[in-house]
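Student: Got a minute to go through a model with me? I'd like a feel for the fold before I head back to the bench.

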Amino acid sequence: MKILFVTEYYAPHIGGVEIVVQEVAERLVRLGHKVYVVTSRVPHSSAHYEEINGVKVHRISVPKKGGRYWFDSFLPVPEILKLGRSCHIIHVADYVNAFPAWLASKLLTKKSVMTVHEPLKEMWRELMGMNYFSAKLHQFAERILLLLPFHKYVCVSESTAKRLRSINRSIKDENLTVIYNGLDNESFNPSKADGSKVREELNLDDGFIYMSFGRPGISKGIEYLIGAVPLIARQIPHSKLLLILSRNPEDRYKVVTKMIQDLDIGNKVVLLDPVSRNELPNYIAASDCVVVPSLSEGFGFTAAEACAMGKPVVATNVGSLPEVVSGKYVLVEPRNPEAIAEGVEKVYKGEVEDSPRKVFSWYECVERYLKVYEQLIRNNESISS
């Protein structure tokens, strides 16, 4: 089988969607399928064509000004048409890139699949920090893209599927399925991680360590966690927040660091730059619990990875997080430092929910995508005959 993925960014660019596409694409190649990717060119770091672990990656140069919007319009269509002609499936990795993939699939009469991660609907302004006009424009564009008629819609959680249905009510049940993202359960295996070295290197001693990691985007709610630090310190004096945070977006990173300074909690926060995926499990192992203060989540890798490591999780009761968390956890109200502090204190006291662990497997994820592809191809062949 030949599958063509259309995605705005691909490795070495780092992001949640990029992780999903790369994992699925490379695993399909290992199963004997041919996989092509049409993506944007990463400046100064990638050629127009390269093969990464068997995946044939074709990169398009986009203007620096408004680059992502160029890729989301007509610019990649010629490349998609050229490669898609010999492919069985055209699969767009997220709805923001839906138009060129949909148009090419129509022109080529190919079966099309769209994965939907997190429609924002009315939350564009709140979660993306946009002005009123820009937020309304993006909300309108999102609606138009999610109304495009694909042969199959794949949502990464039931929460995402519910949001999608609220926008596109014409989707038939047989055309929509939920496929959870997978995890590298070998890497996020508590028996293989060593947190003691991390504690020693960071001088964390025997204190109570609560941790969070990821991007400082508005939707991640990091400022509410920072606001909870003084409250947690009052109840658990020997506690510290281990915060592994990307510096991008830069303006949001500055908001977080300024809050730490203004609240005078520098001695209660250990702020680190991102660590490698191989090292991350050791940092999770060094913590006593992981906090996920998000305002919205389509899937929630942070929560899933922490649960896979067997760590208690304090997560906001939003989006997909109630679906993803398992083991020992506490769900709290979003946008509420007091609620986050109470959640961490509950973990400290052992007052947590406890449920069987949920396992998210890349093997199962890819198998389910293959079933989607095979069903579409069979339906196409039956119609042709």
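Tutor: Sure, we'll go from the overall shape to a few single residues, keeping in mind that this is a predicted model.

Student: How many helices and strands are there in the protein chain?

Tutor: The chain has 15 helices and 15 strands.

Student: What's the radius of gyration, and what would a compact globule have?

Tutor: The chain comes in at 22 Å, and a compact globule of 385 residues would be near 21 Å, so the two agree. Along the principal axes, the C-alpha atoms fill a box of roughly 70 × 45 × 40 Å.

Student: And how much of the chain counts as buried?

Tutor: Of the 385 residues, 55% count as buried. The chain exposes about 17900 Å², with carbon and sulfur atoms supplying 51% of that.

Student: What about charges, how many positive and negative side chains?

Tutor: There are 48 positive and 45 negative ones, and the centres of the two sets lie 7 Å apart.

Student: OK, inside now. Which residues touch the most other members of the largest nonpolar core?

Tutor: That core has 63 residues, and the ones touching the most other members are F5, Y10, V24, L28 and Y373. Helix 15, residues 362-384, gives the most to this core, with nine residues. There's also a second, separate core of 41 residues, with Y36, A104, L120 and V178 among them.

Student: Back to Y10 for a second. What does Y10 touch?

Tutor: Leaving out residues up to four places away in sequence, Y10 touches a list that includes E18, V21, A25, V37, I52, V57 and R59.

Student: Where are the cis peptide bonds you mentioned in your notes?

Tutor: One runs from A11 to P12, with omega near 15°. P12 is in the loop between strand 1 (2-6) and helix 1 (16-30). Another joins N248 and P249, with omega about 5°. P249 lies in the loop between strand 10 (239-245) and helix 10 (250-262).

Student: What's the phi of K121, and where does K121 lie?

Tutor: K121 has a positive phi of about 50° although it is not a glycine. K121 lies in the loop between strand 6 (111-116) and helix 5 (124-128). Its relative accessible area is 25%, so K121 is partly exposed.

Student: And D205, buried or exposed?

Tutor: D205 counts as exposed because its relative accessibility is 60%, and the cut-off for exposed is over 50%. D205 also has a positive phi of about 50° without being a glycine. You'll find D205 in the loop between helix 8 (196-201) and strand 9 (208-214).

Student: Switching topic: which residues of helix 7 are buried?

Tutor: In helix 7, residues 158-167, the buried ones are S159, T160, A161, R163, L164 and I167. These buried residues pack against strand 6, helix 6 (132-146), strand 7 (152-155), strand 8 (176-178) and helix 13 (321-324).

Student: Last one, K56. Where is K56, and what does K56 touch?

Tutor: K56 sits in strand 4, residues 55-60. Not counting residues up to four places away in sequence, K56 touches V35, Y36, V37, Y49, E50 and E51. K56 and L4 are 52 residues apart in sequence and 9.5 Å apart in space, C-alpha to C-alpha.

Student: How exposed is K56?

Tutor: K56 is partly exposed, with a relative accessible area of 24%.

Notes
Residues are numbered from 1 along each chain as its sequence is written. This is a predicted model: local features need pLDDT of at least 70, side-chain atom pairs count only at pLDDT 80 or more; totals for chains, interfaces and linings use all residues. Side-chain values use heavy atoms; hydrogens and water are left out. Helices (H or I, at least four residues) and strands (E, at least two) are DSSP runs, numbered from the N terminus. The radius of gyration is taken over C-alpha atoms; the globule rule is 2.2 Å times the number of residues to the power 0.38. Buried means under 20% relative accessible area, exposed over 50%, partly exposed in between (1.4 Å probe, protein chains only). Accessible areas come from the Shrake-Rupley method with a 1.4 Å probe; for residues, only the protein chains shown count as cover. Lys and Arg count as positive and Asp and Glu as negative; His and the chain ends are not counted. The place of a charge is taken as NZ of Lys, CZ of Arg, CG of Asp or CD of Glu. A nonpolar core is a set of buried Ala, Val, Leu, Ile, Met, Phe, Trp, Tyr and Cys residues joined through side-chain atoms within 4.5 Å. Contact means heavy atoms within 4.5 Å.
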